[in-house]
Amino acid sequence: MKRHIKHLVPAIAIAATIALPTQAVAQAAVSACLVPAEVRALTTFSMPSVLNGLIANCAAHVGTRSFMATQGAGLAAKYAVGKDAAWPAARKAFFRLADSGKPSDKEMAAAVAKLPDSALQPFVEGMISSMIGAKLKPGQCVMADKLMRLLAPLPPENMTELVSTVVELAEGDKKPGPGGLKVCK
């Protein structure tokens, strides 16, 4: 099951571009083509969990006076306002990304798709936060704290557009390789 869940998680990594190199994000995703609106929905839905994952995994590395420690939870709450509205489109995109074409993956995706949103949504959010911990190196925490502080004044809608545009620029012209993300034109 862990292997199959791994296919759902990578789409969430789109939002992590504020903390992780875009190349790492692309390596985490399966080959799929997402339209910009889907990238925005994934970003909007994922951002609060990404921020919470950063805060949880970087606490020991940035100190109690850091932006993450003092204002990170408030920032995550600010981004959480749009999360529920983005969920339906993000959910569809997650399942599109999970479809590798393998029969076993289709079966797993079909089983997971039967879960009610009240169970699936927290499950996906937990995967996002834990993925951040798995991908983030302790040395990146200070930079992530700085980026969080610098980008915090942006309204959530602008931040979503910024992250989505960075992903589109970075991935739009690439051919999806193994584990690559493709943004449709």
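Select Cys58 and Cys141 and show their side chains: in this predicted model, the torsion about their S-S bond is about -75°, so the disulfide is left-handed. The two sulfur atoms lie 2.2 Å from each other, and with a cut-off of 2.5 Å between cysteine sulfurs the count comes to one disulfide.

Now colour the helices that carry these two cysteines. Cys58 belongs to helix H3 (residues 36-62) and Cys141 to helix H8 (residues 141-151), so the bond ties together parts that are 83 residues apart in sequence. With a surface displayed, is Cys58 buried or exposed? Cys58 is buried, its relative accessible area being 0%, and Cys141, at 1% relative accessibility, counts as buried too.

Keep H3 and H8 selected, hide the rest, and turn to how the two helices pack. Their axes are 9 Å apart and make an angle of about 125°, which makes H3 oblique to H8, and the crossing in which H3 passes H8 is left-handed. To see the residues that meet here, select Leu51, Leu54, Ile55, Asn57, Cys58, His61 and Val62 in H3, together with Cys141, Val142, Ala144, Asp145 and Met148 in H8. Both cysteines of the disulfide are thus among the residues of this contact, which by class holds nine nonpolar, two polar and one charged residues.

Next, move to a second pair, helix H5 (residues 83-98) and helix H7 (residues 117-135), whose axes come within 12 Å and cross at roughly 80°. At what kind of angle do H5 and H7 stand to each other? Angles from 65 to 115 degrees count as roughly perpendicular, and H5 and H7 are therefore roughly perpendicular to each other. On the H5 side, select Lys83, Asp84, Trp87, Arg91, Phe94 and Phe95, and on the H7 side Asp117, Leu120, Gln121, Val124 and Glu125, which together make the contact. Sorted by class, the contact of H5 with H7 has five nonpolar, one polar and five charged residues.

Finally, restore the whole chain and colour it by secondary structure, which shows nine helices and two strands. Followed from the N terminus, the elements run α-α-β-α-α-α-α-α-α-α-β. If the colouring is changed to relative accessibility, buried residues make up 48% of the 185 residues in the chain. A contact map would add one more view of the chain: of the contacts with a separation of 6 or more, 83% are accounted for by residues 24 or more positions apart.

Technical notes:
Residues numbered from 1 in each chain as written. Predicted model: local features only at pLDDT ≥ 70, side-chain atom pairs only at ≥ 80, totals over all residues. Heavy atoms only, no water. Helix = DSSP H or I, 4+ residues; strand = E, 2+ residues; numbered from the N terminus. Buried < 20%, exposed > 50% of the residue type's maximum accessible area, 1.4 Å probe, protein only. Axes fitted to C-alpha atoms, helices over the stretch in contact; angles between N-to-C directions. Parallel < 35°, antiparallel > 145°, perpendicular 65-115°, else oblique. Left-handed = near helix turned anticlockwise from the far one by under 90°. Contact = heavy atoms within 4.5 Å. Nonpolar A, V, L, I, M, F, W, Y, C, P; charged D, E, K, R; others polar.
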